[in-house]
Amino acid sequence: MQPSDCHNFHDFRRMARRKLPGPIFNYIDGAADDEVTYRRNTASFERCDLVPNVLRGVENVDLSVTVMGQKLALPVYCSPTALQRLFHHQGERAVAAASDKYATMFGVSSLGTVSLEEVRKLSSAPQIYQFYFHKDRSLNRAMMERAKTAGVEVMMLTVDSITGGNRERDKRTGFSIPFKLTLAGMLQFAMKPAWGLNYLTHEPFRLPQLDEHVDMGGGTMSISKYFSEMLDPSMNWDDVAQMVEQWSGQFCLKGIMSVADAKRAADIGCTGIVLSNHGGRQLDGSRTAFDQLAEIVDAVGDRIDVLMDGGVQRGTHVLKALSLGAKAVGLGRYYLFPLAAAGQAGVERALELMRIEIERDMRLMGCSSVQQLSRANLRFR
Ligand SMILES: Cc1cc2nc3c(=O)[nH]c(=O)nc-3n(C[C@H](O)[C@H](O)[C@H](O)COP(=O)(O)O)c2cc1C
């Protein structure tokens, strides 16, 4: 099966499932507790109908948006995600190159497997650095300096991961970094020898954003220990206000869900917020970003760029979020399954499919630019 045989998210998910050992597939596909929020993320778009206009002259359609000062050719971007080298040996390089080709923004995670400096050189698209807040304030400052020197455009602090979500699929397989596989997990790895061979014959797994702090070799510092020992659960608004000041550039909080927090983010000088429940991987039962969007855009949309992510699988999902006032929409699993299925070619194919869908759907809606989308185009059931 080739990337060109995949026509949507579900095709790529199937292809990724065939290639990846069960524990890795389930790390991507899984979410917290009963995965209720994960399922609702996509379902929430289906409770909203599009109301098209016709006869509007839609020969040329402009899909570009400007978000946090960055001009994107598409209203979607690749949200930062961890551990991409496990999914495909090209890892973050594939996502950076594909984002470059489609001239859209991409994120590099603190738990990324290629250095933010190397990825910066591979792509001229706007780059996000996704950051966690450490107890050691000098380490926070040093990491921001490093990102600034590398030429990162947008600093994104993830604020919904003050502690790890309860991912039961990972517990069943023993997925962790370093691996602590259960017998079931080991058997699932044994069933995918091609993945194992590929893994062993390509460059070793690394966490270059953190390798001074997380020792993968000796296993003295696992990722879960990194979260519990190095990150600061006492992080508060004053800490973040200081970071915003230090960064003095585009600064975004990822994982805002309440109106009060959105207002506070604007008050301390953030230039963007991402409404997100981390793809359902953190607080199960949390509301979906799409359901919260209108209220937050109404409260702060004139002061700060409001972005959203979670459950986006179709161009029509993107159109609905933009119509409610989102400035851009983040993709997670939408590009991760293609990455796992076919590396850079997979991510490019997924972005191309998304581009085609959005363009077609804009025409069908009677809109020739993203600015023309409005709430008049929507009805909730
Ligand atoms: C496998 C995986 C790893 C992720 N890693 C991170 C991460 O390191 N930092 C972060 O802020 N968000 C991370 N996320 C969350 C995404 O950035 C994004 O919020 C989420 O995937 C959106 O939901 P979707 O997958 O339904 O599109 C991760 C998501 C997945 C699926």
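Me: Helices are DSSP runs of H or I with at least four residues, numbered from the N terminus. With that in mind, which residue just after H15 takes a positive phi?
Reply: Happy to start there, and please keep in mind that this is a predicted model. Helix H15 covers residues 315–324. Just after H15 comes a residue with a positive phi of about 120°, and that residue is Gly325.

Me: Is helix H15 largely enclosed by the rest of the structure or largely exposed?
Reply: A residue counts as buried when its relative accessible area is under 20%. Among the residues of H15 that pass this test are His317, Val318, Lys320 and Leu324. Because 9 of the 10 residues of H15 are buried, the helix is largely enclosed by the rest of the structure.

Me: How do H5 and H16 lie relative to each other, roughly parallel or roughly perpendicular?
Reply: The axes of H5 (residues 91–101) and H16 (residues 333–365) come within 8 Å and cross at roughly 20°. Angles under 35 degrees count as roughly parallel. H5 and H16 are therefore roughly parallel.

Me: How many nonpolar residues are in the contact of H5 with H16?
Reply: H5 passes H16 in a left-handed crossing. The contact involves residues including Ala94, Val95 and Ala98 of H5 and Leu339, Val347 and Leu351 of H16. Besides 4 polar and 2 charged residues, the nonpolar ones number 8.

Me: Which peptide bond is cis, with omega near -10°?
Reply: Most residues other than glycine have a negative phi, and most peptide bonds are trans. The cis bond leads into Pro178, a residue of the loop between helix H8 (168–173) and helix H9 (183–190). The bond asked for runs from Ile177 to Pro178.

Me: Is Glu35 buried or exposed?
Reply: Glu35 is found in the loop between helix H2 (22–29) and helix H3 (36–46). Its phi is near 60°, a positive value in a residue other than glycine. The relative accessible area of Glu35 is 12%, and the cut-off for burial is under 20%. So Glu35 is buried.

Me: What is the relative accessibility of Ala103?
Reply: Ala103 has a positive phi of about 50° although it is not a glycine. This residue lies in the loop between H5 and strand S5 (106–108). Ala103 counts as partly exposed because its relative accessibility is 33%.

Me: How many residues apart are Asp49 and Arg381?
Reply: The side chains of Asp49 and Arg381 meet in a salt bridge, at 3.1 Å from N to O. Asp49 sits in strand S1 (residues 48–50) and Arg381 in the segment after strand S12 (378–380), so the pair links distant parts of the chain. In sequence, the two are apart by 332 residues.

Me: Which residue forms a salt bridge with Arg120?
Reply: Side chains of opposite charge can pair when their charged atoms come close. For Arg120, the closest N and O atoms of the bridge are 2.7 Å apart. Arg120, in helix H6, counts as buried at 12% relative accessibility. Its partner, partly exposed at 27%, is Glu153.

Me: Which helix holds Asp239?
Reply: Asp239 meets Arg137 in a salt bridge (3.4 Å, N to O). Arg137 lies in helix H7, and the pair ties together parts that are 102 residues apart in sequence. Asp239 counts as buried at 12% relative accessibility, and it lies in helix H12.

Methods: Residues are numbered from 1 along each chain as its sequence is written. This is a predicted model: local features need pLDDT of at least 70, side-chain atom pairs count only at pLDDT 80 or more; totals for chains, interfaces and linings use all residues. Side-chain values use heavy atoms; hydrogens and water are left out. Buried means under 20% relative accessible area, exposed over 50%, partly exposed in between (1.4 Å probe, protein chains only). Axes are lines fitted to C-alpha atoms, for helices over the stretch in contact, and angles run from 0 to 180 degrees between N-to-C directions. Angles under 35 degrees count as roughly parallel, over 145 as roughly antiparallel, 65 to 115 as roughly perpendicular and the rest as oblique. A crossing is left-handed if the near helix is turned anticlockwise from the far one by less than a right angle, and right-handed if clockwise. Contact means heavy atoms within 4.5 Å. Ala, Val, Leu, Ile, Met, Phe, Trp, Tyr, Cys and Pro count as nonpolar, Asp, Glu, Lys and Arg as charged, and the others, Gly among them, as polar. A salt bridge is a side-chain nitrogen of Lys or Arg within 4 Å of a carboxyl oxygen of Asp or Glu.
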